[in-house]
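Good morning, and thank you for joining. I would like to take you through one protein model, moving between its sheet, its helices and its ligand. Please look at the structure first.

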Amino acid sequence: MPDSRILDIKDLNVSFNVSGNYYKAVSGVNLEVNTNEILAIVGESGCGKSTLATTIMGLHDNSVKIGGSVIFENKNLLSLKEDEFNKIRGAKIGMIFQDPLSALNPLKKIKNQITEVFDYHTDFSASEKDEKAIKLLDQVGIVDPKRVANMFPHELSGGMRQRVIIAIAIACKPDLLIADEPTTALDVTIQAQILDLISDIQHENHSGVILITHDLGVVAETADNVAVMYAGQIVEKGTVQQIFNNPQHPYTRSLLRSMPQNDGINDDLYVISGSVPSLENLPDHGDAFAPRIPWIPTSQHEEEPMMHEVEKGHEVRCSCYKYFYFPDE
Ligand SMILES: Nc1ncnc2c1ncn2[C@@H]1O[C@H](COP(=O)(O)OP(=O)(O)O)[C@@H](O)[C@H]1O
Ligand SMILES: [Mg+2]
C-alpha cells in the first residue's frame, strides 16, 4: 500500500497573549506527515516546537490565537468542537510528553492509567482491558508486565516510566504519534532504547510520527524527514539525507557543526553564539536568525524571508544561505 498523507499543516500561526499583546510563537508553518514516516522537528529550546505539538493536539484555550489549517484525515482539527476533538485525541493521535514523571498520575496503578484510555475510547470489557494493558506493557519492553501493572509510577525507573507513557500513547493504535523530546530526561543508553521502541512501533502500526528533539544525533538515527525550526518558523526541511549531506540554512549548518561527534571538539559556543529571541523580541520582518550571524551583511538577507527550493523535497528559508560561511573556514 502506498504511503498516504495523514497530516497536512498549512500556514499555521499561533500567538500567545502576553500582557495584552499577541506574539507569534509559530509562524507560517507548512508541514506534512505520511503513514510509515518519522518527521523530526529540531531546533533549540524556545523555537516553538512544543507549541506546534500542543496546537496539533488541540491543547490551547481561547486566549491563544491560531490561524491556518491542520488537516488530519480530511478534517481541519482547528475547527473541531471539544467533544469531537476528544474522540481523536488519545485515540487517533497519541502524544508522548517530555517528562515521564509529571505525565503519570502518582496515585494510580500503572494498569489503571492504561485502562483509563480504553474506558474513554472503547467498549472493551474489564477483563479485556486488563489483558490489553498487560500486552501493551509487554510490547513496550517491560519485563514482568503483570507485576509492573500493579505498581505505582514512583516504583519505576525513568526509562520504565517513559515506556509506560508510550504504552498509554499507543494504546488505541493512533495513526499519528507525537513525541515531544521523549528522551531528554533519560540517560544515553536508555535514550537509544526508547528511540528504537518508537521506531519499532511506527513500523508495526504503519503510523506517522512527529519526533520533536533538540538533538540532531537522535534525528540522524531515527527520522525519515526533518524540519528545522527557528524562532517559530521552519527554516529548512528535507529528507534526513538532504539535511545531513547537503544542509543549506546557516542555522542547520550551525546545529550540525555543533554536534559533538563531528570532530570531537564542541565548538558550538563560537558557531552559534547568542540565543533564540523571546517572543517579545522577535522582529516582525527580516530574518530572525540574522543577529546570530552578524558577519553576514543585512543586504544578503531577505526582507520577508521566503522558502526556496534546493531540490525536490528540500527547501530553505531566506536567500542568505547562498552567501553563508563560517568565519573560520
Ligand atoms: N503559554 C505561553 N504563553 C506565552 N508564551 C509562551 C507560552 N508557551 C510558550 N511560550 C513561548 O513561546 C516560545 C516557544 O516555546 P515552545 O513552543 O515551548 O518552544 P520549544 O518547545 O521549541 O522549546 C517561547 O518563547 C516560549 O517562551
Ligand atoms: Mg519544548
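Let me begin with helix α6, which lies across β6 and β7 (176-180) and runs at about 170 degrees to β6. Please bear in mind throughout that this is a predicted model.

A second helix is placed on strands in a comparable manner of description. Helix α7, residues 188-205, lies across β3 (37-42), β7 and β8 (208-213), and its direction is at about 160 degrees to β8.

These strands belong to an open sheet of eight strands with mixed pairing, in the order β6-β7-β8-β3-β9-β10-β12-β11. Which strands form the edges? They are β6 (93-96) and β11 (307-311), each of which pairs on one side only. From one strand to the next, the twist averages 20 degrees.

I turn now to β9. In the order of the sheet, β9 stands between β3 and β10. With β3 it runs parallel, and four bridges join the two strands. One residue pair to locate here is leucine 39, whose bridge partner in β9 is asparagine 225. On the other side, six bridges join β9, residues 225-230, to β10, residues 233-239, and these two strands run antiparallel. Two pairs can be followed along β9 and β10: alanine 227 has lysine 237 as its bridge partner, and tyrosine 230 has glutamine 233.

The connection between β9 and β10 is a hairpin with two residues between the strands. In that turn, alanine 231 has a positive phi of about 50 degrees.

Is β9 enclosed or open to the outside? Six of the six residues of β9 are buried, so the strand is largely enclosed by the rest of the structure. In a regular strand, side chains alternate between the two faces of the sheet. In β9, Asn225, Ala227 and Met229 point one way, while Val226, Val228 and Tyr230 point the other way, and all are buried.

Let us move to helix α3, residues 110-121. Its buried residues are Ile110, Lys111, Gln113, Ile114, Thr115, Val117 and Phe118. An α-helix has 3.6 residues a turn, so residues three or four places apart point the same way. Against what do the buried residues of α3 pack? Their partners are α4 (126-139), α5 (145-149) and α6 (158-170). Helix α6 is thus named twice in this account: it packs with α3, and it lies across β6 and β7.

Next, the ligand. Among the 13 residues around ligand 1, those that come nearest are Phe16, Ala25, Lys49, Ser50 and Thr51. The elements that give two or more residues to this shell are β1 (5-18) and α1 (49-56). Helix α1 provides the largest share, three residues. By character, the shell divides into five nonpolar residues, seven polar and one charged.

Finally, the protein as a whole. It has 11 helices and 12 strands, and buried residues make up 40% of its 329 residues. Along the principal axes, the C-alpha trace spans about 70 × 45 × 45 Å. A compact globule of 329 residues would have a radius of gyration near 20 Å, and the value of 21 Å for this protein agrees with that. Among contacts between residues at least 6 apart in sequence, 64% join residues at least 24 apart.

Thank you for your attention.

Terms used: Residues are numbered from 1 along each chain as its sequence is written. Chains are lettered from A and ligands numbered from 1 in the order in which they are written. This is a predicted model: local features need pLDDT of at least 70, side-chain atom pairs count only at pLDDT 80 or more; totals for chains, interfaces and linings use all residues. A residue is buried if 20 or more other C-beta atoms lie within 10 Å of its own, exposed if 12 or fewer, and partly exposed in between; C-beta atoms are placed from the backbone. Two residues are in contact if their C-beta atoms, placed from the backbone, lie within 7 Å. The radius of gyration is taken over C-alpha atoms; the globule rule is 2.2 Å times the number of residues to the power 0.38. A residue is near a molecule or strand if its C-beta atom, placed from the backbone, lies within 6 Å of it. Ala, Val, Leu, Ile, Met, Phe, Trp, Tyr, Cys and Pro count as nonpolar, Asp, Glu, Lys and Arg as charged, and the others, Gly among them, as polar. Two strands pair if DSSP finds at least two bridges between them. Axes are lines fitted to C-alpha atoms, for helices over the stretch in contact, and angles run from 0 to 180 degrees between N-to-C directions.
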